[in-house]
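Biologist: Please take a close look at the aromatic rings in this model. I would like the ring pairs and the charges placed over rings.

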Amino acid sequence: MNTEKRDCYRLGNYEFEIRHGGEILFPPFLERFRIEIDEGQNADVFELRLTDQLPQPKGVPVAHRADLDVYASSASLAKSGAVREARLLRFVGAADPYGYYEEMEEQRYCVWLQRDYLAYSQIDTVFYSLFALERQLLGKNGLILHCAMLRVGGEALLFSGPSGIGKSTHAQLWCTHATDAQVINGDRALLQYGSDRLFAHGWCVSGSSEICINRSLPVRAIIFLRQEQKNDGVQLHGLRAVKKLVSQITVNSWNPQAVERVWELAERIAGDVPVFDYGCNMEPEAVDVLRQLLGMQNADISGTEPDGSGARLCVTGRDE
């Protein structure tokens, strides 16, 4: 008897269906991005399987990292012309891989999880690595930016920079000292264009912040943070802005076509959206200085509840 389950999800404008036997538990935040099966008419299909032994990789090796081996096939995907990829995934320092990903044909993929690692399936970074989502999204002109995504009014501010720089902390400052501010995600945002404007979409990985809300907003600005005693910043232009963006975007560096496309999209973003370098401390004044730098008046960050009550809205927890 066929007991296959089908679950469909949407990230930005990317829809995908996971077909599985029900043994593998998914990360809980993924449920917030679920759509009905009949909504995903053009969804990519992933067949997720639990196995005692992973398949042998197909293709020739093209990249090796401590956590990843990539193989390229001589065959191409019919519509896109992209070379088919396969990937072996492992934990850094582990001898045996936990997963295998293979592109079968256009919009159809097979992924395997080694049974010994079943207990790790709900760890979001482990689970999503099986699907090569950054590769799929780039085909939809989407980029995954390492940032804290903050809603201020009806727009998004994206605070980016290296791990530990204070992205989530700075976003929380806005929630404390500005009205109508809400953290949408403390670790990642999906960037895609819609109606000729850049949008940030909530992402299914939240990092240590544990804040994951499925919401899409037009991007007002992207701010790269530095830790400084004094609050001061400058707008970046041209190559300086593009380099900052690329430094915090997930890039398949072994794929020249993918790298070129990431740079093209980053150049467009840098030309359309203000990009700032901002050195700051974590005091309340940092919010006011940045607000002035962004040209935001008091009216831009003071909002009301939907019922018009004027009540302060500052949400930093989960959107249940």
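Modeller: The ring pairs come first, then the charges over rings. This is a predicted model, in which local features need pLDDT of at least 70 and side-chain atom pairs count only at pLDDT 80 or more, while totals for chains, interfaces and linings use all residues. Residues are numbered from 1 along each chain as its sequence is written, and side-chain values use heavy atoms, with hydrogens and water left out.

Rings of Phe, Tyr and Trp (its six-membered ring) pair if their centres lie within 6.5 Å; planes under 30 degrees apart count as stacked, over 60 as edge-to-face and the rest as tilted. By this rule there are 16 aromatic pairs. One of them joins Phe 26 and Phe 127, tilted, at 4.9 Å centre to centre with 45 degrees between the planes. This pair links distant parts of the chain, 101 residues apart: Phe 26 lies in the loop between β2 (14-20) and β3 (34-35), and Phe 127 in helix α1 (residues 124-129). Helices (H or I, at least four residues) and strands (E, at least two) are DSSP runs, numbered from the N terminus. Phe 26 and Phe 127 are both buried, meaning under 20% relative accessible area (1.4 Å probe, protein chains only).

The pair of Tyr 100 and Trp 112 is tilted because the ring centres are 5.4 Å apart and the planes stand at 35 degrees. Tyr 100 belongs to strand β8 (residues 99-105) and Trp 112 to strand β9 (residues 108-114), twelve residues apart. Tyr 100 and Trp 112 are both buried.

Ring pairs also link a cluster whose members include Phe 26, Tyr 101 and Phe 127. A charge sits over a ring if NZ of Lys or CZ of Arg is within 6 Å of the ring centre and within 35 degrees of the ring normal. The charged end of Arg 87 is placed over Tyr 101, 5.7 Å from the ring centre; that of Arg 268 sits over the ring of Tyr 193, 3.5 Å from its centre.

Note on methods. Buried means under 20% relative accessible area, exposed over 50%, partly exposed in between (1.4 Å probe, protein chains only).
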